[in-house]
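Student: Could we go through this model together, one question at a time? I'd like to start with the sheets and then turn to the backbone angles.

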Amino acid sequence: MDNFLNKYKFKAFVPAYITEKTGIIRYVPTDMSNEDIYKSISCDTEVISIKRFMKKVEGKLSPLGTVAVTFAATTLPQYAYIQLFRYPVHTYIPPLVQCYKCLKFNHSAKVCRSSQMCSSCAGQHSYKECDVEEIVCINCSGNHLAISRDCPIKKKKIEEKRSKYVNHSYAAVTLYTGRASYFA
Ligand SMILES: [Zn+2]
Ligand SMILES: [Zn+2]
Ligand SMILES: [Zn+2]
């Protein structure tokens with residue numbers, strides 16, 4: 001336990017862009033804690049942290065079968081083993097962040113300095129106060145909500161992010177940004 005905590009804490013002081021690579025494994029039994037997994041995982045690359053994905057259901061967090069595993073490496077191992085089961089390691093692609101204030105991408109409302117914009121009509125107000133009937137996307141001027149997955153600009157941003165992470169999985173040095181969002 002102490003060892004686990006020490007390692008976990010220590011991680012914060014290691015320059016992440018040189019030594020770490022995060023992948024995901026799926027279908028890990030949900031009754032295993034992060035610590036259980038950390039203690040029983042084995043693979044040919046050193047594991048430095050484990051973080052299970054959680055889902056909020058009716059205000060309560062419940063564990064998902066998907067687990068993020070951070071390795072002390074610049075490339076991901078192909079497999080990790082937990083209690084004799086073999087888990088393929090996949091590249092982790094963090095979800096695209098869309099600001100709920102200005103509705104642009106790759107930053108959150110917490111750090112946004114722009115005005116509150118409407119996700120329904122693209123006006124300068126919250127969608128909650130919106131009384132405009134016409135739906136206009138602020139990013140592409142299309143006839144959908146700014147948060148819609150049908151938005152061609154949003155689709156493009158998602159694709160850009162995906163290809164950036166996939167291409168980088170074999171690069172010697174990968175600069176990870178926004179890690180706070182999935183280790184928070
Ligand atoms: Zn913003
Ligand atoms: Zn509006
Ligand atoms: Zn759009």
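Student: In what order do the strands of the open sheet of 4 strands run?

Tutor: Happy to help, and keep in mind that this is a predicted model. The pairing in this open sheet is antiparallel. Strand 3 (47–57) and strand 7 are its edge strands, each pairing on one side only. Reading across the 4 strands, the order is 3-4-1-7.

Student: Which residue in strand 4 is the bridge partner of Gly 23?

Tutor: Start with the two strands: strand 1 covers residues 20–25 and strand 4 covers residues 60–72. They pair in the antiparallel sense over 6 bridges. For Gly 23, the bridge partner in strand 4 is Val 69.

Student: Which strands stand at the edges of the sheet with the order 2-5-6?

Tutor: This open sheet is formed by 3 strands, with antiparallel pairing. An edge strand has a single partner strand, so one side of it is left without a neighbour in the sheet. That description fits strand 2 (41–42) and strand 6.

Student: Which residue in strand 6 stands opposite Ile 82?

Tutor: Strand 5 and strand 6 pair in the antiparallel sense over 4 bridges. Their hairpin has 2 residues between the strands. Across from Ile 82 stands Phe 85.

Student: What phi does Gln 83 take in the hairpin of strand 5 and strand 6?

Tutor: As background, most residues other than glycine have a negative phi. Gln 83 takes a positive phi in this hairpin. The value is near 45 degrees.

Student: Is Leu 84 buried or exposed?

Tutor: Leu 84 lies in the loop between strand 5 (79–82) and strand 6 (85–88). Its phi is positive too, near 75 degrees. For burial, count the other C-beta atoms within 10 Å: there are 7. A residue with 12 or fewer counts as exposed, so Leu 84 is exposed.

Student: And Leu 103, is that residue buried or exposed?

Tutor: Leu 103 sits in the loop between strand 7 (90–91) and helix 4 (152–168). Phi of Leu 103 is near 70 degrees, a positive value in a residue other than glycine. Here 24 other C-beta atoms lie within 10 Å. The cut-off for burial is 20 or more, so Leu 103 is buried.

Note on methods: Residues numbered from 1 in each chain as written. Chains lettered and ligands numbered in written order. Predicted model: local features only at pLDDT ≥ 70, side-chain atom pairs only at ≥ 80, totals over all residues. Pairing = 2+ DSSP bridges.
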